[in-house]
Every structure is written in structure tokens, then in C-alpha cells.
There are 2 protein chains.
Amino acid sequence: MTEVSSGRALTGVEDRVLDAVLECSQRWGYERMTIDDVVDRSGVSRATIYRLFPGGREVLFEALRVRELDRFFAELRAEVESADTLDDIVVRAVVGATRALRDDEHLAAMLAAEPGEMLSQLTVDGVPRIIRMATASLTPLVANHLGPARSRALIDVLARLTISYFLAPSPLVDLGDEASARPFLAPMLREFSPPSTATN
Amino acid sequence: MTEVSSGRALTGVEDRVLDAVLECSQRWGYERMTIDDVVDRSGVSRATIYRLFPGGREVLFEALRVRELDRFFAELRAEVESADTLDDIVVRAVVGATRALRDDEHLAAMLAAEPGEMLSQLTVDGVPRIIRMATASLTPLVANHLGPARSRALIDVLARLTISYFLAPSPLVDLGDEASARPFLAPMLREFSPPSTATN
DNA sequence: TGACGGTGAGACGTCGGGCGTCTTAGTGTC
DNA sequence: GACACTAAGACGCCCGACGTCTCACCGTCA
């Protein structure tokens, strides 16, 4: 299996710290969370936290976002991997991602509690990284059918649409429902397919 | 109707402020709640808050506790008022109070989030006031049957038991269930009744 | 119209506490 | 015994929340 990740694997201690950051930020909110909260919750000392994540708070949050995105796309890729046709790959990826977003309790809590911070991570600040990781994770599967350039363009669009329909659902289509998503995605797929090859 | 209250009635502005304190303390916790949170939430300016509640944070929390206790016992008394026999008065009061405690979402949230502060208000720090208010609220009803001295002693015990069984439920009795509470309270009631009078 | 009480907006100095760094001691491993 | 890793906590810094204050504004009433 191809390892798609943004960096080296985390040690057990690092994971414990990030788990604590996740829990504390969920409970207290980003600004109100304290490093000492993380110390208490994780059982990892202050000095160790600053040695593992030099730079403080922001580095800690950044590392957490990276880890969560890694996990998100690892799971998504595992779901999609067994699909054969381009159509299935795309539908599974979009539907799977949408459902994963909807089922993410931490995401929901953060969106409710601190919409500013969270929306920023799903739009202006976060989208470039999300697309980068979506591309890294899914291009290997899609490129077999479309080639690398078209794959990247398609994934870029799909990622943006998935986020948009998650944040602002439309009565016209439900990207969490395969029966609804498939016909919605089909024309888009044709658009991205090379003119010389039949797509279905 | 007899007005049982710890002070003068609150103005609309004061109530708006305390509502904001309630919501903010529930959302952020007691220590992490900020006066500016209350300003934003209530729409009442900083200057006005300090003029209405001179002394700051602690006065604000204290006023909130007083208001909530006032409301609690006002509702409880309304529930009990129509009872005739001493037995019914006591059972209704205990069962009603227990249920009200169990249904109080804010209380539950605070107990989960900051057990230290909340437990303190239900035990060491708060019990004297609770008993004082329970006495003021219920003595007029009970005294017809037991006289003032016995009434106060009975209410004191009942308040303590209600709190204890709420905080630490027993498999032996459910004070939120009338059928279970009545036989549990009956012997205690006999104990407090004057020897010269028949109690049932 | 002018006086006046109530309020919003915000500046101000103070002070606590959270921040990030550092040192020390303890523990386990080779 | 050398070394890596960590917990515990002291340290100074500095931001931000606190409580106070002033001023302007608005509605009411004489």
C-alpha cells in the first residue's frame, strides 16, 4: 500500500499530546484552551510538549490539523481503492468524503462553537492544503483513467464541491447519497474525460 | 400569594444580564467566562453591568445563583401548594424537587464540566442558603401540621436528603418516584410528628 | 427648552495568569 | 557509567481580562 502522508509517523507520545489538544480544544474552544490543559489531559509534561512541537500553540494546532487530514484521506482512500471504473472512484470518493464530514463530531462541535476558525480551515486557509492532500491521495487512482493533468483538475473541482455542499447543502443534490450524487457527477466526469476515449 | 424571594424583583436589564451569565458560564465554564462575553451576549454595556452588579464577577455569579434558587423554590411551592395532608406536602415537595434537579440541563452541564464549583454550591457553600430558602418557601405549608420548630427541623432534613439522593442515587429508593418515595418518607414523617396528634 | 436618569462606547492602569524557556532530578537502556 | 528521554516546576515576559472612569447620547419630565 502506498503511504500518503504529510510527514513522518507520529510517536505514541506525540499522539497522546494531539489527542489531548483535540479534546481540550473541543471542550474549551481554540482560544480558551490552555497549554496547561493539554499537559493535564495528556499527562505529558510542559517541557516535553514544547520539545516535540517547538513553536507553541499554533504549531500544536497545525500538527493536529495535519494529523486529522492524514487520517481523513487515509480512510477515504481505503474506501475508494477497490473501485474499478472512474465513475465509481469519483462517486465513492465524493460520497465517502461527504459522509465522513457529516459524521465528524469534532468538526460539528467546532463549527458550532467557533465557526470563524473552523470555516477558515475549510475555505480560505485550509482549502489549498486539503486539495493538495486530496490530490496526493486520489490522483494515483484517477490518473489511470484520465492522466495526471486532468486528474488533478478533476480532484480540485470535486474537493471544492464536496466542501461547498457540505457547508451549504442544496435541495438539488445530496452528495452524501450515492443515488443522488452519481447522476450529478456524471456530466462533470464527461467534461474532464479525454475526447479520444469513451468514458463509461 | 405570599412572595418568597431573597430580594427585590429584578429589572428587565438585570435579567438579560443574568441570562447571559447563565448561557456564557454554561458554554465556557465559570472561570473561562469573561465579562466581555456577558457584554456581547446580553447586549448590555460593560459600564451598566458594573453599575447594576457592583463588585464584578463574583457578585454576578452570586446574583445568578440567587435568581435561580428563587425560581426553583417558587415553582416547587406552586407544585406543593394544593396538597392538603402533611404526607402529600412532603412527598410532593421531595419528589418535585428531585425531578426538577434531574431535569435541570444547566445544572447537569455544570456538574459535568466543573464538578468542583457546582458541588460546592450543592454542599459546603450552598446548603445553608438552600435550606434557608426551602424553609422560607415551605414552612408556611408545613407549619399548619407540625408547628414552626418541627417544620424547620423536618425541612432541614428533607432538603439534605433530597440533595444527597440526587447527587448519589441509591438502589434502595428513588426520590423522583412518588411510589418509592412515599413509604421511604413515611417513617421519617412519623418521627417528626408531635406525639399528641395522630399523623395519618 | 433644559435638567436628569439611564445607558452605550470605549479609554485607562493594574494585575493575574498563560506563555515559552530553562534547569534539575529521576528513570530506563545499553 | 554514559546517554536519551521525560516530569516537575521555577522564571520572566507580556497579553488580556478586570474594574473604574469619562463622555456622549437618548428619552422623559418638568
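Which helices of chain A and chain B each supply at least two residues of the surface near DNA strand D? Let's find out together, keeping in mind that this is a predicted model.

**Stop one: DNA strand D.** Start by selecting α3 (46–52) of chain A, then add α2 (35–42) and α3 (46–52) of chain B; each of these helices gives at least two residues to the surface near strand D. Now show what lies around the strand: 16 residues surround it, and the closest are Ser45(A), Ala47(A), Thr48(A), Ile35(B) and Gly56(B). Colour the residues of this surface by character and you will find 7 nonpolar, 5 polar and 4 charged.

**Stop two: DNA strand C.** Next, move to strand C, which is also surrounded by 16 residues. Here the closest are Ile35(A), Gly56(A), Ser45(B), Ala47(B) and Thr48(B). Select α2 (35–42) and α3 of chain A, plus α3 of chain B: each supplies at least two residues of the surface near this strand. That surface divides into 7 nonpolar, 5 polar and 4 charged residues.

**Stop three: a pair of helices in chain A.** Leave the DNA and select residues 57–80 of chain A, helix α4, along with residues 86–103, helix α5. Their axes come within 9 Å and cross at roughly 140°, so α4(A) and α5(A) are oblique to each other. The crossing of the two is right-handed. To see where they meet, show side chains for Phe72(A), Glu75(A), Leu76(A), Glu79(A) and Val80(A) on α4(A), and for Ile89(A), Arg92(A), Ala93(A), Gly96(A), Ala97(A) and Ala100(A) on α5(A). The residues of this contact comprise 7 nonpolar, 1 polar and 3 charged.

Definitions and conventions. Residues numbered from 1 in each chain as written. Chains lettered and ligands numbered in written order. Predicted model: local features only at pLDDT ≥ 70, side-chain atom pairs only at ≥ 80, totals over all residues. Near = placed C-beta within 6 Å. Helix = DSSP H or I, 4+ residues; strand = E, 2+ residues; numbered from the N terminus. Nonpolar A, V, L, I, M, F, W, Y, C, P; charged D, E, K, R; others polar. Axes fitted to C-alpha atoms, helices over the stretch in contact; angles between N-to-C directions. Parallel < 35°, antiparallel > 145°, perpendicular 65-115°, else oblique. Left-handed = near helix turned anticlockwise from the far one by under 90°. Contact = placed C-beta atoms within 7 Å.
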